[in-house]
Amino acid sequence: MNAPPTRAVPGPLGALLARLPAYPGSVLLSTVLNVGLASRLPDDVRELLLHKKMRIHVRDARLTFDFSWEGQGFSACAGGAPADLTISAIAYDFLLLAQRREDPDTLFFSRRLVMEGDTELGLVVKNSLDALELPPFDSKQWAPRRVLSALASVVPPLQRPGVGPRHPRHDE
């Protein structure tokens, strides 16, 4: 009987990713959480999350993201200090959760999703995410062409000489 193929990040890639500094990734994750989640959190959840350090650990990619809720939004934290709650899984399982193709309870009871630390906090986070009507993550929306197009519609072009599209000068 053959084992199912693994969907884990290959070891050499994980070793390479482990060399990246953690803080910029935590800033990026905090920004994504602020854009997609912060305004949707109920007041009682915001109160319980206040100043709690949470950690997402992507085991196979060897990446760790530390962040906390600071009242108005999520904020990146420097690594090293213990977290109140650590949630860990492989990258593929986090993707399945984000796409809503897998239930957190199923992953938890099959030991593919692990929560360590403050169990009450972990249950509040899980139940709050389950209760929110979030659209499933669609990886197609993050295709480089779509991201650049969205940025181009929001960010004004640079108006410095020598930057931007070339236009013939009138005095030539």
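Two strands are taken to pair if DSSP finds at least two bridges between them, and helices (H or I, at least four residues) and strands (E, at least two) are DSSP runs, numbered from the N terminus. The model is predicted, so local features need pLDDT of at least 70 and side-chain atom pairs count only at pLDDT 80 or more, whereas totals for chains, interfaces and linings use all residues. Residues are numbered from 1 along each chain as its sequence is written, and side-chain values use heavy atoms, with hydrogens and water left out.

A good place to start is strand β1, which spans residues 53-58. Buried here means under 20% relative accessible area, exposed means over 50%, and partly exposed lies in between (1.4 Å probe, protein chains only). By this measure 5 of the 6 residues of β1 are buried, so the strand is largely enclosed by the rest of the structure.

β1 has pairing partners in β2 and β4. With strand β2 (residues 63-69), β1 pairs in the antiparallel sense over 6 bridges. With strand β4 (residues 85-89), the pairing of β1 is parallel and runs over 5 bridges. V58 takes part in both pairings: its bridge partner in β2 is L63, and its bridge partner in β4 is A89. Along the β1–β4 pairing, I56 is likewise matched, with I87 as its bridge partner in β4.

Turning to β4 itself, this strand is mostly covered, with 5 of its 5 residues buried. In a regular strand the side chains alternate between the two faces of the sheet. In β4, L85, I87 and A89 point one way, while T86 and S88 point the other way, and all of them are buried. β4 also runs antiparallel to strand β5 (residues 114-117), to which 4 bridges join it. Within β5, E116 is the residue that stands opposite T86.

The loops on either side of β1 offer two backbone details worth a look. Ahead of β1, the loop that follows α3 (43-49) contains H51. Although H51 is not a glycine, its phi is positive, at about 60°. H51 is exposed, with a relative accessible area of 53%. On the other side, R62 lies in the loop between β1 and β2. These two strands form a hairpin with 4 residues between them, in which R62 takes a positive phi near 55°. R62, too, is a residue other than glycine. At 44% relative accessibility, R62 counts as partly exposed.
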